[in-house]
Structure formats: C-alpha cells, structure tokens
Amino acid sequence: MASPEIEALTQALARLPGLGPRSARRAVLHLLKKRDAALGPLREALTAVDERLENCSTCGNVDTTNPCAICADPRRDQRSLCVVEEVADLWALDRSRLFPGRFHVLGGRLSALEGIRPEDLSIDSLVRRIEAGGIDEVVLAMNATLEGQTTAHYIAERIERFSVRVTQLAHGLPVGGELDYLDEGTLAQALRARRPMA
C-alpha cells in the first residue's frame, strides 16, 4: 500500500484524459524514481502555470498572458477568423500551421439534450468581433457532429448580415482512408461534397 500522499497523486493523474489507474501508477513510479530529473521540474512547471494561467479576453484561448500569444502575434492575418468549439480544437489547428489567421473559442457547442443554449457560449462576443470590422472571412471549424453542425448553422445565420465570407472545413474521406472502412455518414458527406477532377 502506498502512502495517502502517493495514492492522492496517483488518483489525480488517473483523472487526466488518456490515463487510467494503471498508467497513472506507472507515471507516479517514474516520477518517484527520477525525483530530481522529473518530479521537481514537473512541480515547478505546474506551479508556474497555475499562478499565471488566464483566459484570453479576445479569443477565449488559455495561456499565461492576456491577450494570448496568438492574438498578440502581429504576423497573424487579422482578416481571417477561425471559430472552434474548444481550446483543444484551436491548439490542434494551430499546430498544423496551415491557418494564418486568428481564432475564436466558443466554449462548447449547442446541445438541446445537454441544455447548452446560445447564451451559454461565446457567440455574442464573436458577433461583436465581426461587427467591429476588419474581418473578411469566418471559418466555422466545428466538429462533424450533429451538435457541431447545428452550431455552425446557427452562427452562419447570426452573422449573415455582415459582409464576411463564411466558410467551413471540408468533411469526407480522410487521406489514406479506404472506403470499406468508413462509416455511412462520412461516405455520405464525401459524396455530397464531391467536386470536379482538376
């Protein structure tokens, strides 16, 4: 049996996504075994982030500065705005380095079953950002779920009065995907979004 402190650390790690109780125990054992090289730096990094963590007042990203590093970057294209459901989506798109513009995090997606309404998301602040001007394109990068697409359609209706081009991410066949392994929804979307051969 581990001490209550070690057990509490194990349980805390087990609550993280992708880590179950066994993986958490292995991580704790590694941290204890490599105390100077792993545990100390981890503690210092967690403390620093905990003390400085903020939500960006512009886009909703989480960072240690406000505005966040993305909003403060003068090299970013201020005329393009990508709307995402969660911070994880923003980070994934930004890691790709394919979108040069700025972002807006909604903080979720509309869901009647879960009781998430438009006022529960940062849709009003998105509309204010567009209304302020200077944005030519809004990319709706919602997840390809019923709730994600409902959210995208709702936002498109809210911003249709502005002179901005509204686009959304393509859906369909993944690169390297084989047709017989794909679900019917993905295949249907791929057929609907078909385009002429170049």
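This is a short dialogue on reading helices, burial and cysteines in a predicted model.

Q: Which residues of helix α5 are buried?
A: Helix α5 spans residues 87-96, and its buried residues are Val87, Asp89 and Leu90.

Q: Why do the buried residues of α5 line one face of the helix?
A: Start with the general idea. An α-helix has 3.6 residues a turn, so residues three or four places apart point the same way. Now the case here. Looking down the axis of α5, the buried residues fall within an arc of 155°, so they line one face.

Q: Which exposed residues sit on the face of α5 turned away from its buried side?
A: That face carries Ala88 and Arg95, both exposed.

Q: What covers the buried residues of α5?
A: The cover includes two strands on either side of α5 in the numbering, β3 (77-84) and β4 (101-105). It also includes β2 (62-63) and helix α4 (69-72).

Q: What phi does arginine 97 take, just after α5?
A: Arginine 97 takes a positive phi, of about 60°.

Q: How many disulfides does a search of the whole structure find?
A: First, the idea. A disulfide is a covalent bond between the sulfur atoms of two cysteines. In this model the search finds zero.

Q: Why is cysteine 59 not bonded to cysteine 71?
A: The distance settles that. The cut-off for a disulfide is 2.5 Å between sulfur atoms. The closest cysteine sulfur to that of cysteine 59 belongs to cysteine 71 and lies 3.6 Å away, which is too far for a bond. Seen from the other partner, cysteine 71 is in no disulfide, and its nearest cysteine sulfur is that of cysteine 59.

Q: Are these cysteines, 59 and 71, buried or exposed?
A: Cysteine 59 is buried, at 2% relative accessibility. Cysteine 71 also counts as buried, at 9%.

Q: How many residues does helix α3 have, and what span does it reach?
A: Compare the span with the expected value. Helix α3 (residues 35-52) has 18 residues. From first C-alpha to last it reaches 25 Å, close to the 26 Å expected at 1.5 Å a residue.

Q: Which residues of α3 are buried, and what covers them?
A: Ala38, Leu39 and Gly40 are buried in α3. Their cover includes helix α2 (21-33).

Q: Where is alanine 193, and how far is it from asparagine 55?
A: Alanine 193 lies in the segment after α8 (184-192). It is partly exposed, with a relative accessible area of 41%. Alanine 193 and asparagine 55 are 138 residues apart in sequence. In space they are 36 Å apart, C-alpha to C-alpha.

Terms used:
Residues numbered from 1 in each chain as written. Predicted model: local features only at pLDDT ≥ 70, side-chain atom pairs only at ≥ 80, totals over all residues. Heavy atoms only, no water. Buried < 20%, exposed > 50% of the residue type's maximum accessible area, 1.4 Å probe, protein only. Helix = DSSP H or I, 4+ residues; strand = E, 2+ residues; numbered from the N terminus. Arc of directions from axis to C-beta. Contact = heavy atoms within 4.5 Å. Expected span 1.5 Å × (residues − 1).
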